[in-house]
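Visitor: I am new to reading protein structures, and I would like to understand the reasoning behind the words used for them. Could you take me through this one slowly?

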Amino acid sequence: MRRLLLCSLLLLPGGAAVAPTLAAAPAVTQVPDVPVIHLTREPGLSAGVRAALADLPRGVRVGILLREVNGGPVLEAQDPDGAFIPASTTKLVTAAAVLHSVGGADGAWTAQLTVPAAQVGARGVQARVKAVTLRGSGDPTLSLKGGYSLRALARQAYARGLREVGEVRLDETLDAASFASLIVGVPMTGLRLDGWHDDPPLSALQARVRLGAALIAELRRAGVRVASDVPGGAAPFTPYLPPVPQNAAGDPPAEPEAFVPVARRPEQGVAVVRSESPQVVLARTLRPSDNLLAEGLLATLAHPPGGNGTLSGALARERAFLRQIGVNLAGLKLADGSGLSRESRLSPRALGTLLTVMHDLPYPTPAAQDIALKAAQPVRLLPGALYRDRGNAFIEALPQAGTGEDVPAQDGRGGTLALRMRGLNLDVRAKTGTLPGVSALAGYVTGRSGRTLAFAILMNGPEDTPILTLRAVQDRVVQAMVQAH
């Protein structure tokens, strides 16, 4: 094929015309698309924060992150990805993971009494059964009496027709030995009573004896005769899976057998009780920084079906939760639920991400849901409205600074922050953390602009570092952040 080239003539001085010389066109090289990475330098510290940090004792390492919620930018940062001993700010991870696992503040833990399914009929349980089993959720809130209690279970069982029991058996789903490394020194068993907080059993065996005696007493109080005073352990609950009949090659999958042989049916519940909102126990844990309750909450993550009954399984569920919400796990280590361990490591950015997510994807308190429903105003359940109206279950479980309550148990609204930042008119809701040489503060503050800010301040120094000095510096840092933003 011939190509026709059209070109203009060039006029030289004197009128001569010549054709221009055409240079060979350079070859075009195809460059593959390369991802463009935009590096953004995060801001350092404002002048006010730097001034506050000038009072730190020698040898103290500090990590800081301040960011806006609702997808806002990082506003201040210093060593935000460093790995620090977090002390009790670890409880933020525990509380968030537990709240997520139960489905929010309107979720619940349950406990139930079961008997062999063959001994339950259309009109209720048979009057005499070989054994009754108590199964729970691993939570530390079951009580002797009240709505979520052994007494309520016993009364329900009696109402269903139960009159005589050969033996009481207790759920032993959790591997108590795997929790032995926890510094609290209290056995983490699959069933615990709220009343044990100030007088916990010293071993898993003692826990079984005390719980068994309490349940037997409540059954007898309700009118049920119990033959044995010695509680037994229950085998793990294994639901019956009906077999799938064989089918010819190419045929559609066969339906499972509809009939379950009586001998192969699992145990069946004859009484069940439901706990109050988990937000209540979160507040009882976070505000006074209760280490035993925090470990009890962590143990719920070990409970099946989500957990495998061990401490390592519970911690793995926490890591999975953090990964799910976008926390970078590099350098992160979780050793317990309370923060007593010096083996744990968290970064200011990890805590900042957690706090932002727990604000932006909130879990409303049951009261906040009721108010929004009655007012027909779903907008009141949006993150900003919940924060302003104090309806976010996670945030409202935190201590609130400056409330002024001076109570030894630190179980008021202010918790461990009640006597800090008093008279400053600051809206600070945050978790403290303290170990020898370690002090931390992480939570939320409303800036001068009215925006909600999430912050994390982690300080690690020599074990003889004066903690009160570190706390005073943290308070001044928070004030400076509010003024700058």
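Guide: The protein has twelve helices and 15 strands, and you should keep in mind from the start that this is a predicted model. Of its 485 residues, 49% count as buried. Among contacts between residues at least 6 apart in sequence, 68% join residues at least 24 apart.

Visitor: Why is Thr353 called buried or exposed, whichever applies?

Guide: Thr353 has a relative accessibility of 14%, and buried means under 20%, so Thr353 counts as buried. Thr353 belongs to helix 8, which covers residues 348–360. Leaving aside neighbours within four places in sequence, Thr353 is in contact with Arg67, Ile325, Gly326 and Val327.

Visitor: What makes Pro266 buried, exposed or partly exposed?

Guide: The relative accessibility of Pro266 is 28%, and the range for partly exposed lies between the limits of under 20% for buried and over 50% for exposed, so Pro266 counts as partly exposed. Pro266 is found in the loop between strand 11 (232–234) and strand 12 (267–274). Pro266 and Thr114 are 152 residues apart in sequence, and their C-alpha atoms are 9.5 Å apart in space.

Visitor: How do you know whether helix 6 and helix 7 are roughly parallel, antiparallel or perpendicular to each other?

Guide: The axes of helix 6 (residues 291–302) and helix 7 (residues 311–324) come within 7 Å and cross at roughly 90 degrees. Angles of 65 to 115 degrees count as roughly perpendicular, and therefore helix 6 and helix 7 are described as roughly perpendicular to each other. On the side of helix 6 the contact is made by Leu298, Thr300, Leu301 and Ala302, while helix 7 contributes Leu311, Ala314, Leu315, Arg317 and Glu318. The residues of this contact divide into six nonpolar, one polar and two charged.

Visitor: Which peptide bond is cis, and what is its omega?

Guide: The peptide bond from Pro304 to Pro305 is cis, with omega near 10 degrees. Pro305 lies in the loop between helix 6 and helix 7.

Visitor: What is said about the phi of Ala87, and why is Ala87 called buried or exposed?

Guide: Ala87 has a positive phi of about 50 degrees although it is not a glycine. Ala87 sits in the loop between strand 4 (74–78) and helix 2 (90–101). The relative accessibility of Ala87 is 0%, and with a limit of under 20% for buried, Ala87 therefore counts as buried.

Visitor: What is the phi of Ser289, and what makes Ser289 buried or exposed?

Guide: Ser289 has a positive phi of about 60 degrees, although Ser289 is not a glycine. The loop that holds Ser289 runs between helix 5 (278–286) and helix 6. With a relative accessible area of 15%, set against the limit of under 20%, Ser289 is therefore buried.

Visitor: How do you know that the charged end of Arg163 sits over a ring, and which ring is it?

Guide: The ring is that of Tyr158, and the charged end of Arg163 is 3.6 Å from its centre. The distance limit for this description is within 6 Å, and the charged end of Arg163 is indeed placed over the ring of Tyr158. Likewise, the charged end of Arg429 sits over the ring of Tyr387, 4.0 Å from its centre.

Visitor: How many aromatic pairs does a search of the whole structure find?

Guide: The search finds one aromatic pair.

Definitions and conventions. Residues numbered from 1 in each chain as written. Predicted model: local features only at pLDDT ≥ 70, side-chain atom pairs only at ≥ 80, totals over all residues. Heavy atoms only, no water. Helix = DSSP H or I, 4+ residues; strand = E, 2+ residues; numbered from the N terminus. Buried < 20%, exposed > 50% of the residue type's maximum accessible area, 1.4 Å probe, protein only. Contact = heavy atoms within 4.5 Å. Axes fitted to C-alpha atoms, helices over the stretch in contact; angles between N-to-C directions. Parallel < 35°, antiparallel > 145°, perpendicular 65-115°, else oblique. Nonpolar A, V, L, I, M, F, W, Y, C, P; charged D, E, K, R; others polar. Phe/Tyr/Trp six-rings, centres within 6.5 Å; stacked < 30°, edge-to-face > 60°. Lys NZ or Arg CZ within 6 Å of the ring centre and 35° of its normal.
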